[in-house]
Amino acid sequence: MVGTGDDKDKGTESGQTGDRPARSSVTGRSGGLSESAVSAAPRGGKSSGGLREILAEPGQTNRIMSLLEYYSDLDPDQFESEIKKLRGLPMSQRMLAMNLLFSRWAETDPKGALEQSRQMGFPEMFMARAGAVSGWAASNPEGLAREYTSNPDDFRMGPGGRGSGDTVAMIGGEWAKQNPEAALKWARTLEGREAGDAISGIFNEMAQQDPEVALRMATSLSGEERGDAYESIAESWAISDYAAADKWINSLSGEEKSEARFAAVESLANVSPAQAAQETNKLPEGEERDDLVAEVSREWARQDAPAAFDWLTESGSESAVEEGIGRVVGALSREDPERVLEYIDSQSAGEVRDNAVQGYVYGNRDAP
């Protein structure tokens, strides 16, 4: 149960950013719900409780499922009033509910949801916009594609008009579920990096469903477009069936083979970093390989810090070690700080030693 608390004890509308822990919701203090949220109740639909009861449920998955049911019961004219009920919530709860609310809103009134997201303050506007765009893309990707083509600036955020890449990739991916040929035709009307992002979204989705079908469509492309498609297929296929993806990559040549290999190994590192470490041997030497080796070592350290440390320090180039050693020894110092200190003492002054010291201090910061 959640207490009501006094007004003076409630969190500010936008004050909590996660830099300090919120007080227990049992007391109703710091991040408590607004009075309007207290009385929020569903209209007798799927949800068994109001917003307050939902956010008091144990378990994040339970809250997400209940919020989805709660928002699915709302009439379109209720969406705007729901925003007020989120004020004063702890940041994590506010961002979660904001995303789901605007995603649902966009299913019935996408332009209204997008316009409302622009009126939000920071950082709510980013989560609201993401929800609005994702909801619009999932329910009507073709309509969103037309709107984006007509008014691309409406979907760009940040300095220099950045932020459109995720949007076009999302449109491409969602549209590919319904009509990949139409989605690809639209993507090819875009220019530069936007076209590449849209094509990547399309072929990533297709490769998840059927890599062979995705490959047949990709072969109809040429040049940079085919390269973007191949990278996306490799990225997706590497997770579902790396052996099959590896066999296909070996059939390629030149830059297409190299870029597809890099994409596959980078993706594989997320699910099997130990295997990805072995696959880096197939990559050409250079800065790009060094960056990937460092990334694989960081991912591996999350699962097996000693093995990642051994591999990076014994097999990695000086550049790869310099970039990856901080995170790796940070993880290892929680298990074996003495070994990390021995390594640090064996290093001469320079970037590798400095990064290792920084990782050790951070990873072992709770020690005396």
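The following exchange concerns one helix and the largest pocket of a predicted model.

In this predicted model, local features need pLDDT of at least 70 and side-chain atom pairs pLDDT 80 or more, while totals for chains, interfaces and linings use all residues. Residues are numbered from 1 along each chain as its sequence is written, and side-chain values use heavy atoms, without hydrogens and water.

Visitor: Which residues of α3 are buried?
Guide: Helix α3 (a DSSP run of H or I, at least four residues, numbered from the N terminus) covers residues 60-72. Buried means under 20% relative accessible area with a 1.4 Å probe, protein chains only. By that criterion, the buried residues in α3 are Ser 66, Leu 67, Tyr 70 and Tyr 71.

Visitor: Against which helices do the buried residues of α3 pack?
Guide: Seen down the axis of α3, the buried residues fall within an arc of 130°, so they line one face of the helix; the arc is that of the directions from the axis to the C-beta atoms. With contact taken as heavy atoms within 4.5 Å, these residues pack against α2 (51-55), α4 (79-84) and α5 (91-108).

Visitor: Which helix gives the most to the lining of the largest pocket?
Guide: A pocket is an open set of points on a 1 Å grid over the protein atoms alone, where a 1.4 Å probe fits, with protein on both sides within 12 Å along at least five of seven lines; lining residues have an atom within 4 Å of a point. At least two lining residues come from each of α11 (192-209), α13 (223-240), α15 (254-268) and α17 (287-303). With five residues, the largest contribution is that of α15.

Note on methods. Expected span 1.5 Å × (residues − 1). Buried < 20%, exposed > 50% of the residue type's maximum accessible area, 1.4 Å probe, protein only.
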